[in-house]
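Please work through the exercises below with the sequence and the coordinates side by side, trying each task before reading its solution.

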Amino acid sequence: MSAALVVLAHPRGDSLTAQLARRAVARLEADGHTVDVLDLHAEGFDPRMGTEDEPDWSDPDKEYSAETRAHMDRIAAAEILVVVFPLWWFGLPAILKGWIDRVWNNGFAYGLRTPLLKGKRMVWIPLVSYPEAKFKELGWDGPVDEPSAAGWKGRPASLGTTTDAAGIGVRGHPGCSMVRQANSRLPASSATGSVPASSTRPW
């Protein structure tokens, strides 16, 4: 079977987000996939963009930092990418946004005639504190859906298209449709046991 990379962007290992990531790993392994788990917080990923990783539009062959190249290698080795994260302030957590900025870079995820990542499959699984109906009641469905569909359109990790600028098939975006999907599929327990009491926080 194919290799998968599961990316987790949450500071607490007992969070609902982490629980769902472990569930995704268990399901992938049960289906015969080999899984590489990238816990951005646990691995100490630095989301800050430095000059060594700033895109050089005139040089798609720029040599990036060792940390960034290592993450690029992990993405390149996977055929399936699963990103699990909480939706904070209607957007990605800072550590995940920084990961995209630094790693999904010019000459790797975009900027080439033939995308290096073409043919990979990607699933985004965001978690929020309210169901879809509550988001609509509060008038928050627009601020969630519109940036993901319009603001990210055409970006290397496009959230609103079926095939993005990197040639990746994308499923889901951090809008209400994914909120409903995540809530409906959330298990009561996983291969690691019951959900800890502290994981009953919204995300």
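The exercises that follow go from the overall layout to strands, aromatic pairs, salt bridges and single residues.

The model is predicted, so that local features need pLDDT of at least 70 and side-chain atom pairs count only at pLDDT 80 or more, while totals for chains, interfaces and linings use all residues. Residues are numbered from 1 along each chain as its sequence is written, and side-chain values use heavy atoms, with hydrogens and water left out.

**Exercise 1. Overall layout**

Task: Determine how many helices and strands the chain has, and in what order the elements run from the N terminus.

Solution: Helices and strands are taken as DSSP runs numbered from the N terminus, where a helix is H or I with at least four residues and a strand is E with at least two. On this basis the chain has 6 helices and 7 strands. Read from the N terminus, their order is β-α-β-α-β-α-β-α-α-β-α-β-β. For burial, a residue is called buried under 20% relative accessible area, exposed over 50% and partly exposed in between, using a 1.4 Å probe and protein chains only. Of the 203 residues in the chain, 46% are buried. With a contact meaning heavy atoms within 4.5 Å, one then takes the contacts between residues at least 6 apart in sequence, and 76% of these join residues at least 24 apart.

**Exercise 2. A strand pair and its crossover**

Task: Find the sense in which β1 and β2 pair, and the handedness of the β-α-β unit that they make with α1.

Solution: Two strands pair if DSSP finds at least two bridges between them. Strand β1 (residues 3-8) is joined to β2 by 6 bridges, and the sense of the pairing is parallel. One bridge to inspect is that of Val6, whose partner in β2 is Val37. For the crossover, the view is set with the strands pointing away from the viewer, and a path that runs clockwise from the first strand over the helix to the second is right-handed. The unit made by β1, helix α1 (residues 16-30) and β2 is right-handed.

**Exercise 3. Aromatic pairs**

Task: Classify the ring pair of Trp57 and Tyr110 and that of Phe85 and Trp124.

Solution: Rings of Phe, Tyr and Trp (its six-membered ring) pair if their centres lie within 6.5 Å, and planes under 30 degrees apart count as stacked, over 60 as edge-to-face and the rest as tilted. The structure holds 3 such aromatic pairs. The pair of Trp57 and Tyr110 is tilted, because the ring centres are 5.8 Å apart and the planes stand at 40 degrees. Trp57 sits in the loop between β2 (34-39) and α2 (66-77) and Tyr110 in the loop between α3 (94-103) and β4 (121-127), so that the pair links parts of the chain 53 residues apart. Trp57 is exposed, at a relative accessible area of 63%. Phe85 and Trp124, by contrast, are edge-to-face, with 5.7 Å from centre to centre and 85 degrees between the planes. Since Phe85 belongs to strand β3 (residues 80-86) and Trp124 to strand β4, this pair ties together parts that are 39 residues apart in sequence. Both Phe85 and Trp124 are buried.

**Exercise 4. Salt bridges**

Task: Establish where in the chain the partners Arg74 and Asp36 lie, and which residues are joined with them into one network.

Solution: A salt bridge is a side-chain nitrogen of Lys or Arg within 4 Å of a carboxyl oxygen of Asp or Glu, and the whole structure has 8 of them. Arg74 and Asp36 meet at 2.9 Å, N to O. Because Arg74 lies in helix α2 and Asp36 in strand β2, the bridge ties together parts 38 residues apart in sequence. Arg74 is partly exposed at 21% relative accessibility, and Asp36 is partly exposed at 27%. Asp101 and Lys97 also form a salt bridge, at 2.9 Å, N to O. These two are 4 residues apart in helix α3, which means that about one helical turn separates them. Asp101 has a relative accessible area of 24% and is partly exposed, and Lys97 is partly exposed at 31%. Finally, salt bridges with shared partners join Asp36, Glu43 and Arg74 into one network.

**Exercise 5. Two residue environments**

Task: Decide whether Met72 is buried or exposed, whether Asp53 is buried or exposed, and which residues each touches.

Solution: Met72 belongs to helix α2 and is buried, with a relative accessible area of 9%. Leaving aside residues up to four places away in sequence, Met72 touches Tyr64, Arg102, Val103, Asn105 and Phe108. Asp53, in the loop between β2 and α2, is buried at 0% relative accessibility. With the sequence neighbours up to four places away again not counted, the residues that Asp53 touches include Lys62, Thr68, Arg102 and Asn105.
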